[in-house]
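Me: I am new to this structure and would like a close look at a single part of it. Could you choose one residue, place it within the chain, and take me through it step by step?

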Amino acid sequence: MSILCDSHRTSYLLPPDHEDWGEQGAPAFVYGQEELVVGGVQWPSSPPSTPDSWPASRFDSALCSAWRQRMELGLFRYCLGELQTQVLPGAVGFVAQLNVERGVQRRCPQNIKSVRQAFDPEQFNFNKIRPGEVLFRLHQEPDTHSALPQDILVVINVSPLEWGHVLLVPEPAQQLPQRLLPGVLRAGLEAVLLSSHPGFRVGFNSLGGLASVNHLHLHGYYLAHRLPVEGAPSQPLDPGGHLHLLQTLPAPGFLFYTSGPGPDLEAVISRVCRATDYLTDQEIAHNLFVTRGAPPGKASPCSALTGVRVILWARKSSFGIKEGEAFNVALCELAGHLPVKTAQDFSSLTEAAAVALIQDCLLPPGQATAVRAALVALMAQEEP
């Protein structure tokens with residue numbers, strides 16, 4: 001697709017005639033480092049219910065207006081209304097949402113048998129989506145700190161789990177398998193920083209970690225609720241303080257933290273991708289979650305969102321969707337956001353049941369200890 005010239009007046013809406021959707025190309029959302037918002041993004045005492053009710057950044061305005069139009073045009077598998085939501089009683093603070101349509105109508109997962117499975121052009125992939133599903137191309141202006149910028153397609157998830165649910169897809173024609181790469185992770189981190197909404201999160205599911213499409217992509221979506229991982233306490237695992245253990249229910253995870261754009265962000269991208277490369281090479285499934293949050297250490301649920309937390313979980317491989325469970329365990333569930341499939345499960349779900357379901361997907365203790373030691377050793381190899 002061609003890139004149209006970007007300006008603050010660029011329209012990310014589709015023209016009235018659908019025959020023109022594939023002809024006009026995808027407009028570019030071009031941004032500079034000055035638009036990456038580090039400080040001042042906090043949770044208000046009474047959060048608005050929808051993202052377009054918040055004070056919006058240019059990124060939020062572009063994404064939400066285009067996403068809403070695609071919903072009105074019927075390009076999704078179902079119409080997403082305001083989801084019934086509850087915070088489960090207990091210490092964790094799970095945010096449970098009833099999303100029956102997603103459980104019923106989402107695309108069946110591909111036949112995945114390995115965390116390292118090669119891309120298969122015969123299976124569904126993002127070269128096969130309709131032109132109208134693309135909102136824009138995310139394009140960073142080059143600067144002195146970042147590597148050569150890479151265009152990322154921002155595409156609707158046709159089976160949304162929440163408002164503004166999109167996929168960040170590096171050039172689909174490259175036919176990259178679902179293995180995390182620095183360029184797409186950088187785009188994910190910067191997308192979080194481009195949003196002025198504290199609840200815009202980004203995540204990655206590996207193959208075996210409930211990725212349903214073997215074509216490289218991240219998820220991004222809005223959720224107007226705090227999550228446990230934003231301010232959970234952590235302890236350092238390496239002398240340099242580059243890798244921390246997130247000590248919280250429902251699942252301990254590896255915590256990386258960046259205070260903002262520049263060399264620190266680039267270093268975090270490198271560390272995270274070395275960790276996920278190791279897990280992939282060892283056939284260990286994993287999930288990753290990016291959110292604004294507090295620095296490592298003795299944080300708390302109400303801590304200031306001073307930077308970006310990247311949480312990585314190693315887990316048992318699970319291929320396909322498990323029927324009969326209240327929810328499937330992937331990136332958002334490990335972070336404390338539970339999209340529940342049925343009204344009965346939504347009304348009966350308890351914190352204890354949710355924790356048990358999530359922890360059943362984690363690595364056994366012996367393997368978890370070995371992975372921790374391997375990642376600590378990887379961090380020690382970093383250049384001073």
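Reply: What follows looks at Pro131, with the whole chain described beforehand as its setting. The model is a predicted one, and the chain in it holds eight helices and 15 strands. Its radius of gyration is 20 Å, close to the 21 Å that the globule rule gives for 384 residues, so the chain is as compact as a globular protein of that length. Measured out along the principal axes, the C-alpha trace spans about 60 × 55 × 50 Å. Of the 384 residues, 56% count as buried, while the accessible surface of the chain comes to about 15,500 Å², with 54% of that area belonging to carbon and sulfur atoms.

Within this setting, Pro131 is found in the loop that runs between the helix α2 (100-105) and the strand β5 (134-140). Its relative accessible area is 38%, and because buried means under 20% and exposed means over 50%, Pro131 falls in between and counts as partly exposed.

The position of Pro131 can also be described through another residue, Gly25, from which Pro131 is separated by 106 residues in sequence, although the two C-alpha atoms are 8.2 Å apart in space. For the chain as a whole, among contacts between residues at least 6 apart in sequence, 72% join residues at least 24 apart.

A last point concerns charge across the chain, which has 27 positive and 36 negative side chains, the centres of the two sets lying 6 Å apart.

Key
Residues numbered from 1 in each chain as written. Predicted model: local features only at pLDDT ≥ 70, side-chain atom pairs only at ≥ 80, totals over all residues. Heavy atoms only, no water. Helix = DSSP H or I, 4+ residues; strand = E, 2+ residues; numbered from the N terminus. Rg over C-alpha atoms; globule rule 2.2 N^0.38 Å. Buried < 20%, exposed > 50% of the residue type's maximum accessible area, 1.4 Å probe, protein only. Contact = heavy atoms within 4.5 Å. Areas by Shrake-Rupley, 256 points an atom, 1.4 Å probe, with all protein chains shown as cover. Lys, Arg positive; Asp, Glu negative; His and termini not counted. Charge placed at Lys NZ, Arg CZ, Asp CG, Glu CD.
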